[in-house]
Structures are given as structure tokens and as C-alpha cells.
Number of protein chains: 2
Amino acid sequence: MTKTGSNTTAPTQLLQVSGRSYAYRRFGNGSGLPLLCLQHFTGTLDNWDPAVTDPLASGREVILFDSAGVGRSTGDVPETIAGMTEHALAFLDGLGIETCDVLGFSLGGMIAQQMAQDRPSVFGRMLLVGTAPRGGEDIMHLEKPSLAKHIQDPTNRGYDVLKKIFFAPTTTSQAAGAAFIARLMQRKDDRDPPAGPNVGAAQIAAFREWERFTGERFADLKGIRHPTLVVQGFEDEMIPVRNSYWLAENLPNAVLLVYPDAGHGSLFQYADSFTKQAVAFLSSDSESAVF
Amino acid sequence: MTKTGSNTTAPTQLLQVSGRSYAYRRFGNGSGLPLLCLQHFTGTLDNWDPAVTDPLASGREVILFDSAGVGRSTGDVPETIAGMTEHALAFLDGLGIETCDVLGFSLGGMIAQQMAQDRPSVFGRMLLVGTAPRGGEDIMHLEKPSLAKHIQDPTNRGYDVLKKIFFAPTTTSQAAGAAFIARLMQRKDDRDPPAGPNVGAAQIAAFREWERFTGERFADLKGIRHPTLVVQGFEDEMIPVRNSYWLAENLPNAVLLVYPDAGHGSLFQYADSFTKQAVAFLSSDSESAVF
């Protein structure tokens, strides 16, 4: 595969929509539908691992997106997934993209599910990684001891916390975490500002709202017919794997892939495997998720 | 890939070990370790779908095996997984195979786990499909209504029952089941005799014994370090998918892959996908299960 773009070098662009400004990067090409990448809690464009984005960009355009109030996107951070969904749809409308594929990671996977429900035609195929359905459990409870001990540890500086909470506490997984952090740092210029505390607070409110459900649990998922690949690590402490079980069991057309010795950042730890599987999945023209 | 052998045409062979006779077929070639295939409840050599065995035989020898008392193998059917494990090990010893890979399906997956525990050096990589760990739940309860209604239905003849209980009750899955049955019937000569009621009774006794556990549940799995790929269908009624969750969560080095709209026979329904994934997994020379 020829490298046709990289998140290490792609310029950040700004799209004006209704007086708001959305920051994004767009790179790669090929015959596939564009792939919209929806980011995790407090993550910006710079949190997308080039080892994941760049191989995907060899067969399609990859579009990274900062939602409102994140990175260089203006506006307030919504306190619901529904609010973030409106921004993502407005962004695609602004770009003139009617249908794309989606890689929704963690928070981004929840937004992807809501987008698929609100406007089914917006997606062809969906990659949902390290995420949870509405009504899921133990979603991003940063106050629980297994996470709080890393977040509150004053010896963790910069991306150290990310390495601790995105990767399993094994030598192998922590080494993969260090390599991931190094890849994130390869981009030297035109970086996003890191998310401030207001971003985290609003997004946590959105997680709490997403844990609530009315009526039959997970029934909404039955209506999402898109071919979907659900991916997670067995050792995910941020959003435990049972959320992916529920997601894939209740989506009518989903394959489930779970990685060992991996936490929330399974797609970054196993970037080679993940991108190989994702490319095979995205390249399929079957109506089935099976690839 | 060049086709180097097929379960439709490979001759049945007999191996004499300690006065017993084991029936088997062996075909294919390539640089991979031989792949021992361990069969499901009451299944014989003729229940191996050529759409699964033949693509795998393009890179390695595939060895199909009738355990004692099944097909043309002599002796009594053991009433424990441990007893069946002794036969499988004796068979490999008789062939002079010290190390191979394994595809254990359903009952065969339980035997594979026991073999890996009793003699770790016997396997390189393990494919465990539609199976359960010791201490699993709802393993092959043919008396439960969702299965009994098909087994006791007098209008189901021959392989009709297999189509009903191995595949999901959807049009797509039942069509895949019909195609599977047609592939099993492609072999015209040198077929195994079908298993009689004594085979089923002994194997059911082995399932009941396998459901029991002492000490910490699933603790035995922690010692099985082999790279393992666990595969199942979400709609498996014979051995529900939660058994694969437990298996892959507790094996320290296992990837989990679950297929939608598929029952116990997910590997046959999605033979193209399964064999592609299995070949990628078996061909890896990493110590990790991730491929």
C-alpha cells in the first residue's frame, strides 16, 4: 500500500457552519467511502494514532473531527450524546458528505450509534471500538479506584496518565502504550490545544446521561441495521468489555472482536491487526457485517 | 491457493494403537504445523464441512479424527472429556506427531482444552469454536424446549435436525445450513457409519461432568498459555455464547471472534470468513494470539 497521507503531517483545517468553526483533518484517498473518526473523552485531533489512521487512509479518505468546544472547534461542549450528534451531522453536511463509514472510539462510538439512529443514511459501515450502548454500565467512572489512582498520581505527567489508563498493567501492554505515546508526539507543528477541564466535565455529564435508559434495555440497537464491527480489549477498565457484548448481541448485524492483554486503547496497542481487520471489514461490499 | 486435498475425496485410514483402531483422514500440505480437527457431539469424519477443511489444507496437513467408538474407530465411547483426551493423545502418539495445531469444535474444543492442560507441548496454536470451559453453563442440554422441538420433530429427516439446531432460525442462516448439508453430502463413497444412541449417551454424560468444577471457577484456564482464537455465533442455542466469553476472558492469550445471525455452526455458515481468519491466525509466528 502506498502511504497517501498521515495524521503526523496533515494540516488542520477549519470549516465554518452557522457561525461556528469546526477543526478537522482530511487525508488519504482511494475507492472506499470516507471514514469519519469520532474521538474519545477529552481527545483532540492529536490523539489519533498515525499507526491507525494512516493505514486506513491508503484506501479511503480519513476525516478526523473535533466536536464543538474541543481542540480548535468553537462553541460549547454539549452535555449529551444527542447534542454532540447534532454537531457531527452539521459538520458532515457542511462538508457535503451524505454517506461515509465511521470509526467511533469510546465517546465517539456513542455518537456514531446516535447518528445511525437519527439519520441511518449517513453511514455505510460502522467500526465501534471501546464503547458502550445506551444503558451500558460502568462507563467512564474516573472516580473508581482502579482509574483514580492513575489520574491522581502526581508522578504521572503529560501523556503518562493516558498510558496507564488506556493500556493493561502488564509489561507488554505498557510497552505498547509507550510506543503509542511516542507516535502521538511525532506531530511537531500545528497541534491542537489540549482539552480544558470544562470539556471533561461536559463529556462526563454526557456519559452519565448515556447510562440511563427507558423502556426495554438495548431495544434501540435492534433498529441499527448497518454492518458493524465491534472491537474491545478484555482488560478495559474505562468501559468494561461487557458493554461490547451487549452492543454486538443486540445490534442485528455486528461482528465482535476482542483482544487479550489490552485495555481501552486496544486499537492502538494492536494497530497492525486492527487496521488489517478494519480494512477487510470496510472493503467488503456485503450487506452482512461478516468479512 | 492450490487445492491440495479435500474431505470430499480423502480416503479413510485406520491407525492401530494398543489393539485399538482409530479412523482418520489426512490431506493437504504446506509449511504449517498439522491441524488436528476434533469433532462435535455424535459427529464423524463426514461431518467436517469441506468448505472449512479444504481451504485450511492449502497451507498445512489437516487431520480429521474419530475418537474411540465413533465412526469406524473401535472401543467404547468414554463418559468423560478426560477419557476422550487420552484417546486423542494416543492417536497423535501413534502417528508420531509431537506438536500440531488444533481446531476443536464444540465437544472437540473441550478435549482440546484438556489436551493443552495435560500435555502443553502437544499444541502450537488453538482454534476453539462453539465450545465451553470446564464449569461452563447450559452445555448441550438437548432436552430444553428450544432444541427438543427440532430433535423430536418427526418431519425432520436425516440432516434436517442438524440444519435446525446448528443454524439460527432466520432465512439467511437456514439457507447457509442447507448449503452446509449439501456440502456434507458431496462425499459419496467410503463414508462413516452414523453414530448410534450409545455414542450420544456417553458424550452427554461427558458434557454433564464438564459442567462441574471444584475450586475457583475457570482458574484452570489461566495456565493454558497457547495462542488461542475463540469463535462462536451469537445465536448458539447448543452452547450459549457466554461460554466463549468466559473462555476468552480467562485464557491469558485468546482473541475472541463472534459472528451475528449464526448458531452453533458459525464456522460452517461463514466458512469463507472463518477460514480466512483461521489461516491468518495459524500462519502467525507471534507468541501472541493477536494476528
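These exercises, with worked solutions, deal with how two chains meet in a predicted model.

**Exercise 1. The extent of the interface**

Task: State how many residues of chain A and chain B are in contact, and how much area the two chains bury between them.

Solution:
- Step 1. Count the residues on each side: 20 residues of chain A are in contact with 20 residues of chain B.
- Step 2. Take the buried area, which is about 1,700 Å² between chain A and chain B. Carbon and sulfur atoms account for 63% of this area.
- Step 3. Find where the contact residues of chain A lie. α8 (242-250), β8 (254-259) and α10 (271-283) of chain A each supply at least two of the residues that touch chain B. With six residues, β8(A) gives the most.
- Step 4. Sort the residues on this side of chain A by kind: 15 are nonpolar, three are polar and two are charged.

**Exercise 2. Polar links across the interface**

Task: Find how many salt bridges and how many residue pairs in polar contact cross the interface of chain A and chain B.

Solution:
- Step 1. Apply the salt-bridge rule across the interface of chain A and chain B; the result is zero.
- Step 2. Look for polar contacts there: seven residue pairs qualify, with both residues at pLDDT 80 or more.
- Step 3. Set the interface beside the whole model, where the rule gives 28 salt bridges over all chains. One pair is D46(A) with R25(A), whose closest N and O atoms are 2.7 Å apart. This pair links distant parts of the chain: D46(A) sits in the loop between β3 (35-38) and α1 (50-56) of chain A, and R25(A), 21 residues apart from it, in strand β2 (residues 20-27).

**Exercise 3. Symmetry and the strand at the axis**

Task: Work out which rotation superposes chain A on chain B, and which residue of chain A comes closest to the axis.

Solution:
- Step 1. Superpose the copies: a rotation of 180° with 0.0 Å of shift along its axis places chain A on chain B, with RMSD 0.0 Å.
- Step 2. Name the relation: this is therefore a two-fold axis.
- Step 3. Compare the contact residues. Of those in chain A, 100% recur in chain B, so the same surface serves both copies.
- Step 4. Locate the residue: L257(A) comes closest to the rotation axis, its C-alpha lying at 2.4 Å.
- Step 5. Examine the strands. β8(A) and β8 (residues 254-259) of chain B pair in the antiparallel sense over three bridges. Within this pairing, L257(A) stands opposite L257(B).

Definitions and conventions. Residues are numbered from 1 along each chain as its sequence is written. Chains are lettered from A and ligands numbered from 1 in the order in which they are written. This is a predicted model: local features need pLDDT of at least 70, side-chain atom pairs count only at pLDDT 80 or more; totals for chains, interfaces and linings use all residues. Side-chain values use heavy atoms; hydrogens and water are left out. Contact means heavy atoms within 4.5 Å. Buried area is the accessible area (1.4 Å probe) that two parts lose on being put together, summed over both. A salt bridge is a side-chain nitrogen of Lys or Arg within 4 Å of a carboxyl oxygen of Asp or Glu. A polar contact is a pair of N or O atoms within 3.5 Å; within protein, one must be able to donate a hydrogen and the other to accept it, and residues adjacent in sequence count only if both atoms are side-chain atoms. Helices (H or I, at least four residues) and strands (E, at least two) are DSSP runs, numbered from the N terminus. Ala, Val, Leu, Ile, Met, Phe, Trp, Tyr, Cys and Pro count as nonpolar, Asp, Glu, Lys and Arg as charged, and the others, Gly among them, as polar. Two strands pair if DSSP finds at least two bridges between them. Copies are superposed by least squares on the C-alpha atoms of residues with pLDDT of at least 70 in both.
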